[in-house]
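Work through the exercises below with the model open. Try each task before you read its solution.

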Amino acid sequence: MAYRTINGVRVWGTPDEGALAQAKTCAETGNVVQALLMADHHKGYSQPIGGVVAYEGQISPSGVGYDIACGNKAVRTPLLAEEIKPRLSKIMDKIARKISFGIGRVNKERVDHTLFDDPDWAVYHAIGKQEHDKLKALARDQLGTVGSGNHFVDLFEEKETGRLWIANHFGSRGFGHKTASGFLNLAAGREFLANAPGEHMDQAPVLLDLSSEVGDMYYRAMQLAGRYAYAGRDYVIEQVLSILGTEADLEVHNHHNYAWKEQHDGKEVVVVRKGATPSAPGQVGFIGGSMGDISVIVRGKDSAENKEAYYSTVHGAGRIMSRTQAAGKMNWKTKTRRGGQISTEQMMEAVRSFGVELRGAGTDESPFVYRKLQEVLDAHANTIEVMHVLKPIGVCMAGADEFDPYKD
């Protein structure tokens, strides 16, 4: 097996001490069946990024995290990348203008969607009319917006065939963030709309029994946020397809911050994956690298090791440098940064040399802050097979100095 067990935690790749300590805390709290770390793991809030925890009868809102249902959608088009390269700069300009990136942004087109008639909005009604109305209005405003941090809309060239792919990465936006903080508040005996509870990175996970009223409400709210994230990613892909004047002939869509009820070893467990992609046998997923690296479409293997991984794999390359280390500390009053290890010139040179047309992004998302994706894929070679290798040719993200509260 390619993993090792350390303090009861199954670990793929090179162990990170901080993330391993967090995973150990998770393993020792609640009705835990197994805790695991994927090879792209690093520290997160309570449950590490790249961390997977399987519970009996419990769910962890801190484990799912603030960006509920963050994930990726990728589609293949009939176009060849070479066909669009002569106008790539103009296409990326259109994407940056048409699609809303950044925190707190609203979609000017106000998408009407059947999702807003979903019966699970009753969860928020049960909490209170003010809570329901505020979150529903926020969800309406932000459907189809991308956000900031490591959230993107990219164009890719498939290495095997030259075909053009589109992919995006984001979750349930402010609606998911307020849902997460709201249930963490309820668990702490506070008002739903109070400010998020004080956050200690290494605190024990917050757990809710699924059989309890608040646990059932969270599970339903999380699922609604999941459908909302799917709808948002669908909308953005449609926008890009429209800009390109084409359609999709294959699509891959998955969450990687979510909790699933699954059968493992003959019993139902709740598998909380934070920054980890589901990889059941035959299941297809998208795994993104940095803007100067490959991304891949993978399929879960029917192997003993994949079963022991609770059918989970990496969601990306994994950070090796924090945002502050890379970009420096931001003074929001003066809008200046100090102390960053990566300069804009270094980032732009690396991206240009890789052949990428970039819009937006700060040095905290430069290729230097991530592992090479192939390294973490190699650690999971017994659990997933790579179906398609994608090279980015166009990357669009929020601007360099967008404040990002979404805990990616």
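**Exercise 1: The largest cavity**

Strand 7 is the top contributor to the lining of the largest cavity, giving 3 residues. Keep in mind that this is a predicted model.

Task: Describe the largest cavity by its volume, its lining and the classes of its lining residues.

Solution.
- Step 1. Count the cavities. The structure has 2 cavities of 30 Å³ or more.
- Step 2. Take the volume. The largest cavity holds about 320 Å³ of space.
- Step 3. List the lining. It consists of 24 residues. Nearest the centre of the cavity lie Asn150, Phe152, Gly288, Gly289 and Tyr370.
- Step 4. Look for strands. Strand 7 (152–158) and strand 20 (384–397) each bring at least two residues to this lining.
- Step 5. Sort by class. The lining has 12 polar, 8 nonpolar and 4 charged residues.

**Exercise 2: Two helices that meet**

Task: Find how the axes of helix 6 and helix 7 cross, and which residues of the two helices meet.

Solution.
- Step 1. Locate the helices. Helix 6 covers residues 129–142, and helix 7 covers residues 173–187.
- Step 2. Follow the axes. They come within 7 Å and cross at roughly 150°.
- Step 3. Name the arrangement. Angles over 145 degrees count as roughly antiparallel. Therefore helix 6 is roughly antiparallel to helix 7.
- Step 4. List the contact. Helix 6 brings Lys134, Leu135, Leu138, Ala139 and Gln142. Helix 7 answers with Arg173, Gly174, Phe175, Lys178 and Thr179.
- Step 5. Sort by class. This contact between helix 6 and helix 7 has 4 nonpolar, 3 polar and 3 charged residues.

**Exercise 3: Positive phi in two loops**

Task: For Ser46 and Tyr311, give the phi angle, place the residue in its loop and decide whether it is buried or exposed.

Solution.
- Step 1. Recall the background. Most residues other than glycine have a negative phi.
- Step 2. Read Ser46. Its phi is near 70°, a positive value, and the residue is not a glycine.
- Step 3. Place Ser46. It sits in the loop between strand 3 (32–42) and strand 4 (49–55).
- Step 4. Judge burial. Buried means under 20% relative accessible area. Ser46 has 1% relative accessibility, so it counts as buried.
- Step 5. Turn to Tyr311. Its phi is also positive, about 45°, though Tyr311 is not a glycine.
- Step 6. Place Tyr311. Its loop runs between helix 9 (304–308) and strand 16 (312–314).
- Step 7. Apply the cut-off again. The relative accessible area of Tyr311 is 18%, so Tyr311 is buried.

Notes
Residues are numbered from 1 along each chain as its sequence is written. This is a predicted model: local features need pLDDT of at least 70, side-chain atom pairs count only at pLDDT 80 or more; totals for chains, interfaces and linings use all residues. Side-chain values use heavy atoms; hydrogens and water are left out. Helices (H or I, at least four residues) and strands (E, at least two) are DSSP runs, numbered from the N terminus. Buried means under 20% relative accessible area, exposed over 50%, partly exposed in between (1.4 Å probe, protein chains only). Axes are lines fitted to C-alpha atoms, for helices over the stretch in contact, and angles run from 0 to 180 degrees between N-to-C directions. Angles under 35 degrees count as roughly parallel, over 145 as roughly antiparallel, 65 to 115 as roughly perpendicular and the rest as oblique. Contact means heavy atoms within 4.5 Å. Ala, Val, Leu, Ile, Met, Phe, Trp, Tyr, Cys and Pro count as nonpolar, Asp, Glu, Lys and Arg as charged, and the others, Gly among them, as polar. On a 1 Å grid over the protein atoms alone, a cavity is a set of points where a 1.4 Å probe fits but cannot get out, and a pocket is an open set with protein on both sides within 12 Å along at least five of seven lines; lining residues have an atom within 4 Å of a point. Grid points are joined across faces, edges and corners, and a volume is the space filled by probe spheres set on the points.
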